[in-house]
Every structure is written in C-alpha cells, then in structure tokens.
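Colleague: I'd like to go through this model and ask what stands behind the labels. Can you show it to me?

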Amino acid sequence: MKSIRQSLLFWLISGMLTAICIAGIIAYWLAQDEANELFDYQIKQVALSLHEQSHLSPVVVLADEDPEEDNVIQIWNAKGMPLFTSYPSRALPHYHSSGFQTVNFQQKTWRIYSAQLNSQFVQVAQPMIVRDELAANLAERMLIPFFILIPLFAVLIWWVVSRSLSPLETVTKAIAARHEDAMQALDESDLPQEVRPIVVALNQLLTRLNQAMLAQQAFIADAAHELRTPLTALKLQLQLTERSTTDLMREVGFVKLNERLDRSIHLVKQLLTLARSESKTQSQYFEPVDLSFLAKEVAHDFIPLSKACQTELQLEIEPNLLVSGQQENLRILINNLVNNAICYTPNFGQVCISVKCEAGHVILRVIDNGSGIPEQERERVLGRFYRREGTEVTGSGLGLAIVRNIAEAHHATLTLSDNLTTTGLVVTIKFPV
C-alpha cells in the first residue's frame, strides 16, 4: 500500500542527497579551475625565474630520489643540448612550442609551460594529478559541513512532513470515531488549503447521504402506511368471507378478495418500481432508444384497456426519434402516463400519445380530456402516495412520482399543463438534445 509520508520522505531526502552530490561536483569543478589558475601561475613563475641562472653547468644530474608529484624542470641551450634536468628519470621530451600546453607522457597527463629565455629554452612540467588531488581536497572540505548537516536535515524533513500530514490524520480520526448514523459536517476551520477541498467534498457527500437516508426512512414509513391499509382491509374481507353462510355470499367475498389482492400486488409492484427509479446509477447504462417505436408498443398494449374504458386512443408519432436512456424505464414512464390518462378520462373520452421533434428536442406528450389537475395541486401529485380527494379511481398514488424520477434520471423536464382545446391534462416530457 502506498504511503504519502514514505513517498515524501523518500523524494525529499533523495532530492537533498542529489543536490549535495551536484554541489560537490560543481565545487570540484570550481576548485579545479582555481587550482589550474594557481598552478599555471606557479610553473610560469618558476620558468621565468630561471633566466638568470646562466652559471649552471652543462649537464647536472641530481639524485634520482624524486617524489612523483614534484615539478620537472628542464633547460636546453640554443642548439637543443640539455643543460639541466631536475629529475632525469622523469625527463620529458623537448616540446618546442612556447606557452602552456597539456600533454600525455608515460601514461600520465602533464601541464607544461615552455619559454625561450635569452639563449636557453626552459620547460617546466607538472603532473595533473597534483591539481586533481588539490581540487578533490578542496571540494571535500567544502562538503564536510553538508555531510554533518545531513542527519539534521533528514530529521527536519521528517518533522515537516509529519506536521504537514497531521491535518489528514486529524480528519481520519474524526471520521473513524463517528457512529454510522452520524451525518454532521466535519469541522472545516483551521485546515490547510490542500486538505480543505477533501473535507468540503466529504461534507457534501455526508449531506447527500443524510438526504438519501431521510428519503429512505420517509419512503419506508410511507410504504408501511400504504401497505397496512390494504392488508388490513384484505384481512377483514377474509374474515367476512369465512363467516359467509351462503354460496352467493362466499362468491361475492372471493371476488372482493381477488380485487384487494390485485390492488396489493399492484401497490407492491409500484413500490419496487419507485425504488428502482430513485437509483442514482441509472445514467451509467444509457443507450440510444427509439422513443417513437417504444410509444407505439405501449399504445398497442393499452388497446384492450382503452376499449374496456370506451376511450379513443390516438397516436401522433413522428418516426425514428431517438433519445439516450434506458428502454425499460422509459417504457415504465410511458406506461404510467397512458394508464393514468385512460383511468382518469371518462367513457367515450380521448387520450392522445404524441412524440415529436421540436427545436431539436424530442417531446413526449400524453393528452387526455378528463377532469384535469388544478394548478395548485400539480406539484403535490408528483410526490409519493398523493391522491386527489374525490377521485373514484383506485390507485397507489405512485404513478406520477415514478414518472418524475425516471424523467430526472434522463435529464428530461416534466411539465403538467391544461388541455387548451377541451378539459383535461397535458403531460409533457422534454428530452435533452
């Protein structure tokens, strides 16, 4: 498992060590440049100081007990004959060019200064290893304080990282100590700028969870209340049927039992449909749906009911109109709208299903010429378990609530309006482009 603390410590300490190494390399280069300038000046002064030594014997051979890092001084006369060599065993060839040059001799690198002084040619050679060692020693001395401070820097980095991550640990402990029902917002005060968005997002999530829990509790309470009434009536009807003394009374009782059972089954189905329609994950499974074809299928399914209710079912459907959504949920939406329209339209009434494209939007309308819904009640009828007073039609009060949930899940707008040609209601679903 990845750790932010370990990653920060690793990269910060690695960066510090890398910076020290880079500083060491730069210090070595700078020290080497300084050493080159210093030693170049030194061997040049040595060479220039020899022009007054005219009394040297022709060939002077010194004892060959020379340190490896000493300068090698060589002097030739005008004819190229050697006059002086400080270390014969390390004598270098006679390089005729004057000034500074760097040469390789006997697997070593030498820095040479040559000059023509009167009738003599002076050559002073110095092994480059002297300069490299001096540069390394200078760089090492410059870096000693850094190496001493590395443990202090490491402790400081650990302390800063721990202190910087402490707000996250505080938030973690606050969440871990909470009860599963605690939905209060976390404290957002005195938080670093980087941690605050996380806490704000958590508080927003807690708010949504709280709203979802309250809605779930309200749904369960409403469902329990709505189920209790038909189940109580069903039990009473069963008791009355058991007490029947004649076959006719039993037959009537069983008919009523079947009706109440059908209502209970329908209510349970509507409750399950409502619960599914309130799921917030529906939009993850959208696909193109031919709304025109779907509306025709639903209208065909309602032909028997429309005939039984003596209601004329009209279609005004433009072909091949596609929307993005879930086909089964859209079928439930149209089913509920058409079922409500037929049930609340009196005999010999009309129900029209319209699917058209207007201003780039696919518009679904279900129009009836029933009693309609007063404007002040239109918002309430979209809620759960609400049924208008005085209606003789039996129902669960969930149809339009399901329609609203499905429309919202499809990012469509739901509008209830009056039928301007006659009486009745127009339900309009406007789908996004």
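Colleague: What makes strand 3 and strand 4 a pair?

Modeller: Keep in mind that the model is predicted. Pairing asks for at least two bridges, and 7 bridges join strand 3 (residues 99–105) to strand 4, with the two running antiparallel. Gly 99, for instance, stands opposite Ser 114 in strand 4. The hairpin they make has 2 residues between the strands, and Gln 106 takes a positive phi near 55° there.

Colleague: And what makes strand 4 and strand 5 a pair?

Modeller: Again the bar is at least two bridges; here 8 bridges join strand 4 to strand 5 (residues 120–127), also in the antiparallel sense. Trp 110 has Pro 127 in strand 5 as its bridge partner. This hairpin has 2 residues between the strands as well, with Asn 118 at a positive phi near 55°.

Colleague: Why is strand 4 called mostly covered?

Modeller: Buried means under 20% relative accessible area, and 7 of the 10 residues in strand 4 (residues 108–117) are buried.

Colleague: What about strand 11 and strand 12, how do you know that they pair?

Modeller: With at least two bridges needed, strand 11 (residues 413–418) and strand 12 have 6, and they are antiparallel. One of the partnerships is Ser 417 with Val 426 in strand 12. Their hairpin has 6 residues between the strands, and Gly 424 takes a positive phi near 120° in it.

Colleague: Why is Ser 354 called buried?

Modeller: Its relative accessibility is 2% and the cut-off is under 20%, so Ser 354 counts as buried. You'll find Ser 354 in strand 9 (residues 350–358). Neighbours within four places in sequence aside, Ser 354 touches Glu 316, Ile 363, Leu 364 and Arg 365.

Colleague: Which residues have the most contacts inside the largest nonpolar core?

Modeller: Leu 333, Ile 334, Leu 337, Leu 364, Ile 429 and Phe 431, in a core of 39 residues. At least two core residues each come from helix 5 (291–301), helix 7 (327–343), strand 9, strand 10 (361–368), helix 9 (399–409) and strand 12 (425–430). Helix 7 gives the most, with 7 residues. Leaving aside neighbours within four places in sequence, Leu 337 is in contact with Leu 364, Val 366, Leu 400, Val 403, Val 427 and Ile 429. Apart from the largest core lies another, of 12 residues, including Ile 73, Ala 115, Leu 117 and Val 124.

Colleague: How do you know that the buried residues of helix 5 line one face?

Modeller: The buried ones are Leu 291, Ser 292, Leu 294, Ala 295, Val 298 and Ala 299. Looking down the axis of helix 5, they fall within an arc of 165°, so they line one face of the helix. An α-helix has 3.6 residues a turn, so residues three or four places apart point the same way. At the start of helix 5, a side-chain oxygen of Asp 290 also comes within 3.2 Å of the backbone nitrogen of Ser 292.

Colleague: How do you know that Cys 343 is in no disulfide?

Modeller: The structure holds 0 disulfides. For Cys 343 the nearest cysteine sulfur, that of Cys 309, is 6.0 Å away, while a disulfide needs the sulfurs within 2.5 Å.

Colleague: And why are Cys 343 and Cys 357 called partly exposed?

Modeller: That label sits between under 20% and over 50%. Cys 343 has 29% relative accessibility, so it counts as partly exposed; Cys 357, with a relative accessible area of 39%, is partly exposed too.

Note on methods:
Residues are numbered from 1 along each chain as its sequence is written. This is a predicted model: local features need pLDDT of at least 70, side-chain atom pairs count only at pLDDT 80 or more; totals for chains, interfaces and linings use all residues. Side-chain values use heavy atoms; hydrogens and water are left out. Helices (H or I, at least four residues) and strands (E, at least two) are DSSP runs, numbered from the N terminus. Buried means under 20% relative accessible area, exposed over 50%, partly exposed in between (1.4 Å probe, protein chains only). Contact means heavy atoms within 4.5 Å. A nonpolar core is a set of buried Ala, Val, Leu, Ile, Met, Phe, Trp, Tyr and Cys residues joined through side-chain atoms within 4.5 Å. The arc is that of the directions from the helix axis to the C-beta atoms. A polar contact is a pair of N or O atoms within 3.5 Å; within protein, one must be able to donate a hydrogen and the other to accept it, and residues adjacent in sequence count only if both atoms are side-chain atoms.
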